[in-house]
Amino acid sequence: MSVAKLVLEGKEYDLPVFSGSEGETAIDIASLRAKSTAITFDPGYGNTGSCQSAVTFIDGEKGILRHRGYSIEELAVNARFTEVAHLLIYGELPTAGQLTQWRSDLADHDQVHQQLLQMISHFPPAAHPMGILSSIIAAMSTYYSDDEPVDVHIRRLVSQVAMIAAAAYRSSRGLPVVFPRRELGYAANFLRMMFGGPTSDYVVPKVLEDAMNMLLIVHADHEQNCSTSTVRMVGSSQANIYASMAAGVCALWGPLHGGANQAVLEMLDAIHADGGDYKKYMEMAKRKDSGFRLMGFGHRVYKNFDPRASLLKKACDDVLDHLGVLDPLLDIAKNLEEIALKDEFFIERKLYPNVDFYSGIIYRAMGFPVNMFTALFAIGRMPGWIAHWREQDAEGARIHRPRQIYTGPNLRAYPK
Ligand code: ACO
């Protein structure tokens, strides 16, 4: 085993070095504090490995994303979402027999509890779907016992997250809930629960089903991002799986993470309403004092391009073509992308469009309201969160407990 040497205040420390299966190198500093009382400092965890994981590999410098060894480009065009969910959670693509069983298991657990549906109907009509989603997922823990096998909870979460999101949307519009149909695939079922009537023969157009399927797949996992790390953090205290997933939804909500898809559309709308002068906004994004960022650009890990954005850019053209939609926001998005890719500020900082840049335009063309966008991300991400929760649970990981450097006042007397 190789070691890294750290010299601190004249004393030398040997720290073990180990590698992952793609040759990534880590210096194991876990023992440093016990030997030296010093801690390592990395606010925002930009260069800190919190765990070892066999779920997803990303090489941000090369723009690579793979799940369990399969490239996102191959999965996105060849697989169905339920297969990818199986791959992430259980480690392998299902065989034909396993897939039939997995689909049947999901269908057996796809009905949201009647009382939870009533709960959804009591939220205010303007309630954000992410608030409803996190509340109802947390509330599931009050209906289902910890004594049940974990695989049953997993099936419920994977299938019901779609129905909860659709029910939140329909309830906010005063529309009756649509229940899932066993014979439909995951993406088609979800679109029907959103846009079909409870008894209608609404048939989901194939091109929209395929686009939805791809959108779910490209969101399915992304290793130790903010929401997945949150799921692991909460799960490390041995909180139940519903509490852990509800926490993931909350972490995803913010505009710097999953909420960026909503923020991108709002930004494009604002530019359009302001006369479409995208260059003005580009200049604003470069001025720090403006407080404005180009939403949908930049990524903590990708310093080349986000492969998911490339897949969605193409899907966006296909869906808009099929629907015959001419969206001026798409032109603004393309223009912004074009000038950003040539701009010194963006080139220097390696800021490229991320997954959220194009997804919102597709969602809008499909008829989703803007405040549903982040909930769609959460549906796609559920298998990824579960895969990480399950992996950590199987390892019996220690509770997550970072350290800090204290900068407050020293001891002082309580005023008399
Ligand atoms: N527009 C303008 N400038 C930007 C942007 C942006 N979107 N993103 C980063 N920068 C600049 C920063 O001002 C900073 O400049 P400096 O070095 O001169 O100070 C530099 O690029 C690095 O930015 P950080 O904020 O340090 O990068 P970090 O890795 O912490 O943040 C993040 C990554 C949050 C994604 C950021 O790029 C951002 O805010 N993007 C917009 C929001 C967004 O699209 N989020 C979705 C991310 S993908 C996902 O979660 C699904």
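Start by selecting threonine 228, which is buried, with a relative accessible area of 0%. You are looking at a predicted model, so treat each stop as a computed picture. Threonine 228 sits in helix 10, which covers residues 226-236. Now show the side chain of asparagine 225 too: a polar contact of 3.0 Å links it to the side chain of threonine 228. Leaving aside residues up to four places away in sequence, threonine 228 touches Asp221, Glu223, Arg381, Trp385 and His388. Colour those five residues to see what surrounds threonine 228.

Next, go to glycine 91. You will find glycine 91 in the loop between helix 3 (81-90) and helix 4 (96-108). Is glycine 91 buried or exposed? Its relative accessible area is 18%, and because buried means under 20%, glycine 91 counts as buried. Select Arg68 and His86 as well; glycine 91 touches both, not counting residues up to four places away in sequence. Then draw a distance from the C-alpha of glycine 91 to the C-alpha of glycine 69: the two are 9.9 Å apart in space and 22 residues apart in sequence.

Now select residues 307-323, which form helix 14. This helix has 17 residues and reaches 25 Å from its first C-alpha to its last, close to the 24 Å expected at 1.5 Å a residue. Which residues of helix 14 are buried? They are Pro307, Arg308, Ala309, Leu311, Leu312, Ala315, Cys316, Val319 and Leu320. Show the neighbours that cover these buried residues, among them strand 5 (64-67), helix 2 (72-78) and helix 9 (206-218). The cover also includes helix 15 (328-342), helix 17 (356-366) and helix 18 (373-395). Before leaving, click on glycine 324, just after helix 14, where phi is positive at about 65 degrees.

The last stop is the ligand. How many residues surround the ligand? There are 21, and the closest are Lys288, Arg293, Leu294, Gly296 and Arg300. Sorted by character, the shell holds 11 nonpolar, five polar and five charged residues.

Three places are worth a zoom:

- Leucine 256: one of its backbone N or O atoms lies 3.1 Å from a nitrogen atom of the ligand.
- Histidine 257: an N or O atom in its side chain is 2.9 Å from an oxygen atom of the ligand.
- Leucine 294: a polar backbone atom is 2.7 Å from a nitrogen atom of the ligand.

To finish, switch on a surface for the ligand: taken alone the ligand exposes 920 Å², and the protein buries 76% of that.

Note on methods
Residues are numbered from 1 along each chain as its sequence is written. This is a predicted model: local features need pLDDT of at least 70, side-chain atom pairs count only at pLDDT 80 or more; totals for chains, interfaces and linings use all residues. Side-chain values use heavy atoms; hydrogens and water are left out. A residue is near a molecule or strand if one of its heavy atoms lies within 4 Å of it. A polar contact is a pair of N or O atoms within 3.5 Å; within protein, one must be able to donate a hydrogen and the other to accept it, and residues adjacent in sequence count only if both atoms are side-chain atoms. Accessible areas come from the Shrake-Rupley method with a 1.4 Å probe; for residues, only the protein chains shown count as cover. Ala, Val, Leu, Ile, Met, Phe, Trp, Tyr, Cys and Pro count as nonpolar, Asp, Glu, Lys and Arg as charged, and the others, Gly among them, as polar. Helices (H or I, at least four residues) and strands (E, at least two) are DSSP runs, numbered from the N terminus. The expected span of a helix is 1.5 Å times one less than its number of residues. Buried means under 20% relative accessible area, exposed over 50%, partly exposed in between (1.4 Å probe, protein chains only). Contact means heavy atoms within 4.5 Å.
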